[in-house]
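Here are my notes on the cysteines and the aromatic rings. Have a look at the structure first, then go through the points.

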Amino acid sequence: NLKEKAVLKEGHKIVLAQNTTPIQTTRDDDSGYFSTVTHFTCATNSHFVQEHGTSLVITEKSTLSLDSASHYEMDGNAEIIIQRGCSMTIASAAQFKMSDGALVVIERGGNLEIAGRTISNKSLLPMKLSAKEIIYEQ
């Protein structure tokens, strides 16, 4: 869980992927491994910034959650990519800001939940959402 501030510097990438290092004695029901899937949470009062040209990729059943009163900012040309079987959840009181040129890309089988409303991509083509498409009531 992110509890303070983190900045993804220009030109860099974070991949939220399955941890395959054994950390438990039985197979996890969701992952099929001896470890759980990756869940990254921006906790209340935390602040995450994606600078220009950065990527955050959510893959292998991972999740990204923005809790109430968390802050998430995407500068121009930053992107979040939600792959098949993965999800991103934005709580109703979270502050999610996207600059012009920033995108949330939902690949087939990915899900974006915003304040209780779910956007699922069932198309063969990626769904590319800009700030204008991601408008929600706080």
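1. Let's start with Tyr 72, which is buried at 0% relative accessibility. Keep in mind that this is a predicted model.

2. Which ring stacks with Tyr 72? That would be Phe 48: the ring centres are 5.0 Å apart and the planes sit at 20 degrees, so the pair counts as stacked. The contact bridges distant parts of the chain, with Phe 48 in strand S4 (residues 47–50) and Tyr 72 in strand S7 (residues 71–74), 24 residues apart. Phe 48 is buried too, at 4% relative accessibility.

3. Phe 48 also pairs with Phe 40, this time edge-to-face, at 6.1 Å centre to centre and 75 degrees between the planes. Phe 40 is partly exposed, its relative accessible area being 22%.

4. Zooming out, the whole structure has three aromatic pairs. Ring pairs join Phe 40, Phe 48, Tyr 72 and Phe 96 into a cluster.

5. Now the sulfurs: how many disulfides are there? The count is zero. Cys 42 is in no disulfide, and its nearest cysteine sulfur belongs to Cys 86, 16 Å away. Why no bond for Cys 86? Its sulfur is 16 Å from the closest cysteine sulfur, that of Cys 42, which is too far, because a disulfide needs the two sulfur atoms within 2.5 Å.

6. Are these cysteines buried or exposed? Cys 42 is buried, with a relative accessible area of 0%, and Cys 86 counts as buried at 1%.

Key:
Residues are numbered from 1 along each chain as its sequence is written. This is a predicted model: local features need pLDDT of at least 70, side-chain atom pairs count only at pLDDT 80 or more; totals for chains, interfaces and linings use all residues. Side-chain values use heavy atoms; hydrogens and water are left out. Buried means under 20% relative accessible area, exposed over 50%, partly exposed in between (1.4 Å probe, protein chains only). Rings of Phe, Tyr and Trp (its six-membered ring) pair if their centres lie within 6.5 Å; planes under 30 degrees apart count as stacked, over 60 as edge-to-face and the rest as tilted. Helices (H or I, at least four residues) and strands (E, at least two) are DSSP runs, numbered from the N terminus.
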